[in-house]
Amino acid sequence: MRRLSGWKAFSERKARPGRVRIALLSLLVGVVAACSSPPPESATGPELYSELCSSCHGAGLEGKAGPPLGVGSPSVTLPDSYIATTVTHGIGTMPSFNNLSSDQINKLVDFIRDVQAGQ
Ligand code: HEC
């Protein structure tokens with residue numbers, strides 16, 4: 001009679017729940033860090049715009065989920081202070097960016113004005 005033994009298969013099973021937990025934890029930490037850490041103070045206007053705004057307003061300010069901000073858009077006639085306030089506090093479905101310094105907000109406004117002026 002053949003002996004049926006499953007011990008080998010059992011001992012070779014490599015269930016390591018610890019690894020899964022560590023992977024999930026590092027993923028979570030990464031997501032939280034990406035959401036909350038402000039860009040470096042050295043970031044330029046174009047860098048700030050492409051990192052924070054282009055996903056909604058388009059790489060060329062042509063508009064996507066958010067309205068266009070470039071040449072010929074209504075934003076051309078908006079005062080700088082309105083743009084700064086909109087960025088800091090958000091508007092409608094646009095999130096607030098209240099972790100930016102006033103210098104970073106000025107760089108964003110300058111960048112938008114440069115594009116509007118065709119530079
Ligand atoms: C998640 C998408 C999203 C992101 C990211 C985003 N915006 Fe917006 N933005 C919008 C939407 C949507 C509106 C229109 C909101 C409304 O009027 O209800 C808007 C409106 C604006 C307005 C006002 C335009 C107008 O004609 O009144 C400005 C200025 C603006 N955004 C600049 C920025 C800047 C600068 C950034 C980056 C710091 C940025 N937005 C990031 C979605 C976004």
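What percentage of the 119 residues in the protein chain is buried? I looked this up before anything else and found that buried residues make up 12% of the chain, where a residue is buried if 20 or more other C-beta atoms, placed from the backbone, lie within 10 Å of its own, exposed if 12 or fewer do, and partly exposed in between.

**Ground rules.** I note that this is a predicted model, in which local features need pLDDT of at least 70 and side-chain atom pairs count only at pLDDT 80 or more, while totals for chains, interfaces and linings use all residues. I number residues from 1 along each chain as its sequence is written.

**Overall layout.** I find six helices and zero strands in the protein chain, which reads α-α-α-α-α-α along the sequence; these elements are DSSP runs numbered from the N terminus, helices being H or I over at least four residues and strands E over at least two. I then turned to contacts, for which two residues must have their C-beta atoms, placed from the backbone, within 7 Å. Among the contacts between residues at least 6 apart in sequence, 49% join residues at least 24 apart.

**Around the ligand.** I count as near the ligand any residue whose C-beta atom, placed from the backbone, lies within 6 Å of it. By that rule 21 residues surround the ligand, and the closest are Cys 53, Cys 56, Gly 66, Gly 92 and Met 94. The elements that give two or more residues to this shell are α4 (54–57) and α5 (80–89). I sorted the shell by class and obtained 14 nonpolar, seven polar and no charged residues, with Ala, Val, Leu, Ile, Met, Phe, Trp, Tyr, Cys and Pro taken as nonpolar, Asp, Glu, Lys and Arg as charged, and the others, Gly among them, as polar.

**α3 against α6.** I looked up how helix α3 (residues 45–52) meets α6, and their axes come within 8 Å and cross at roughly 90 degrees; the axes are lines fitted to C-alpha atoms, for helices over the stretch in contact, and the angles run from 0 to 180 degrees between N-to-C directions. I therefore enter α3 as roughly perpendicular to α6, since angles of 65 to 115 degrees count as roughly perpendicular, those under 35 as roughly parallel, those over 145 as roughly antiparallel and the rest as oblique. From α3, Gly 45, Pro 46, Leu 48 and Tyr 49 meet Gln 104, Lys 107, Leu 108, Asp 110 and Phe 111 of α6. This contact has five nonpolar, two polar and two charged residues.

Asp 110, in helix α6, is partly exposed because 13 other C-beta atoms lie within 10 Å, and its C-alpha is 9.5 Å from that of Pro 46, 64 residues apart in sequence. Thr 44, in the loop between α2 (17–36) and α3, is also partly exposed, with 13 other C-beta atoms within 10 Å. I find Thr 44 and Gln 104 to be 8.0 Å apart, C-alpha to C-alpha, and 60 residues apart in sequence.

**The nonpolar core.** I take a nonpolar core as a set of buried Ala, Val, Leu, Ile, Met, Phe, Trp, Tyr and Cys residues joined through C-beta atoms within 7 Å. The largest such core has ten residues, including Leu 48, Cys 53, Leu 61, Leu 108 and Phe 111. Two or more of its residues come from each of α3 and α6, and α6 gives the most, with three.

Leu 61 lies in the loop between α4 and α5 and counts as buried because it has 21 C-beta neighbours inside 10 Å. I also noted its phi, near 65 degrees, a positive value in a residue other than glycine.

**The loop between α5 and α6.** I checked Asn 99 and Ser 101, both placed in this loop, which leads to α6 (102–116). Asn 99 counts as exposed, with 11 C-beta neighbours inside 10 Å, and its C-alpha is 8.0 Å from that of Ser 37, 62 residues apart along the chain. Ser 101 likewise counts as exposed, with 11 C-beta neighbours inside 10 Å; its C-alpha is separated by 9.0 Å from that of Pro 38, 63 residues apart along the chain.
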